[in-house]
Amino acid sequence: MGKILDQIKTGKVLVSDGAWGTLLQQKGMQPGECPEEWNLTHPDEVFDIARSYIEAGADMIETNSFGGTVFKVEKYGLGNKVFELNKAAAEISRKAAGDKFVIGSVGPTGKILMMGDVTEEELYAAFAEQVKGLEAGGVDAIMIETMTDLDEARLAIRAAKKNTSCEVFCTMTFEKTVQGEYRSMMGVSPTDMVETLVAAGAELIGANCGNGIANMIGIVEEIRKANPEIPVLVHANAGMPHYHDGQTIFPESPDEMAALVPKIIAAGANIVGGCCGTTPGHICRVREAVDKM
Amino acid sequence: MNDLLRKIADCIEFGKINKAAPYPPQMKGQDGADELTRQALDEGVKAQEILTSGLMVGMEKVGIKFRENKVFVPQVLMSAKAMSTAMIHLKPYFLSGEVKQKGTFIIGTVEGDLHDIGKNLVSMMVEGNGWKVVDLGTDVKAEQFVAAIKEHENAFVGLSALLTTTMVNMEKITKAVKEAVPGAKVAVGGAPVTDDFRKKIGADAYSSDPQGLVEYLNANV
């Protein structure tokens, strides 16, 4: 254990993977299908995606389990298959990763605690069930991501810490306000995030999704100001999508993303990867940029 | 009397549901939207006036603060909760026709998309601004929107999507609605949606925040 963090401690900058959802669609997944179900029905296609990021040079890949809590999969009638879907997700990425790392993706439930949609106990139990499946399938770390609410993030971290022996990472999603500050949808700033997530037991924190890698530089700087020690990961979108001829296109090219890698590392990031709209092509160029540092 | 309406507006703006509610801390122990709305009715204030000069005033303020990023989703949700608590007292007056709503707004998250936080937020703010809202839920297909607008003549239609992969369904739905009811107005919104996208798919309105939609609707009553 402690493998990813050990590498970071040696001063290495690591490369993570890019988007999964858009690649699943390219392989024929229709809107309205449950992405996690593909781990059982289309394991070869999911494997190809995982493998494409290893071949692009990533040091770690995620799992196809972002919406893998009961609150998401029950909408597709798969509420009794949480463990199985997550275990399969981890096994596929494990097989594709070879000697590289696998980080098990855990996304938000879509439920809002303060509205009384769910109780803290229900959220905790949902995350616990998911992370047990991911660990059983062989992940090295649990990657809680795209969080916007501190309480939900805290519960997910606690569930992962108590129910697995994996390293536990957590990222939140921020946008720039009209005042030029960074805030999550629920109003959390990167500075607010640092204290709560670290206290909850996250061993690595950071930011994902958002409006492109340029904003990530400011976010990482703010995290670093609040905590100079904690390892930081960035999974950046390839910008805001445009609509063209019935398709959505993410504007940031692999070269544009790679050009900002030195800045994001200088700001204090330890792991750099992509989110929505990024491809193996982006990760390949990020790999080259990191290796040049 | 004006003082009471101002207090009701404050409760909505700051999300004070009732006396027992601990939020917001600065209003702890004070009467909330629940008690004050009841009190106003008991004192003979017209339900319409409570809605227009109390509740809607507070809702507009929170909508503007949300647009300016001075408050975030949690505060808006608390305001909406305070609003819906007050509305329970006004319900008989809506049913009797004494209180008039501005019109009907049909809303749903489009086919293939199960996300509802944004849709619910918009729904609550539109309702809080004096509109009747017909919420079709998530994963709503073109036929369902068409059936709803045929049932509610002159209604406005709002389409929500969180995913870049599902927002493309807005084009099909917009076309179907306009074919079924020529002249129908369709508004679109959601994280990946832009005004440029709105133009390309032939929809009528886009706003990056709920208040913008409310203003569009109010301007087209």
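Visitor: What makes chain B a chain with domain 1 and domain 2?
Guide: Good place to begin! The domain assignment of chain B gives domain 1 as 2-96 and domain 2 as 104-219. Bear in mind that this is a predicted model. In it, the C-alpha centres of these domains of chain B lie 26 Å apart.

Visitor: How many residues of each domain of chain B take part in the contact?
Guide: The contact takes 13 residues from domain 1 of chain B and 11 residues from domain 2 of chain B. Two residues count as being in contact if their C-beta atoms lie within 7 Å.

Visitor: Which helix gives the most to the side of domain 1 of chain B that touches domain 2 of chain B?
Guide: That is α3(B), with 9 residues. Both α3 (47-67) and α4 (73-96) of chain B supply at least two residues there.

Visitor: How do you know which residues on that side of domain 1 of chain B are nonpolar, polar or charged?
Guide: Residue type decides: Val and Leu, for example, count as nonpolar, and Asp and Lys as charged. Sorted like this, that side of domain 1 of chain B has 10 nonpolar, 1 polar and 2 charged residues.

Visitor: Why are the 165 residues called a nonpolar core?
Guide: The name fits because a nonpolar core is a set of buried residues such as Ile and Phe, joined through C-beta atoms within 7 Å. The largest such core has 165 residues, and A:Ile142 and B:Ile8 are among those with the most contacts inside it. Helix α6 (residues 82-97) of chain A gives the most to this core, with 8 residues. The core also draws at least three residues from each of domain 1 and domain 2 of chain B.

Definitions and conventions
Residues numbered from 1 in each chain as written. Chains lettered and ligands numbered in written order. Predicted model: local features only at pLDDT ≥ 70, side-chain atom pairs only at ≥ 80, totals over all residues. Domains from an automatic or database assignment. Helix = DSSP H or I, 4+ residues; strand = E, 2+ residues; numbered from the N terminus. Buried ≥ 20, exposed ≤ 12 C-beta atoms within 10 Å, placed from the backbone.
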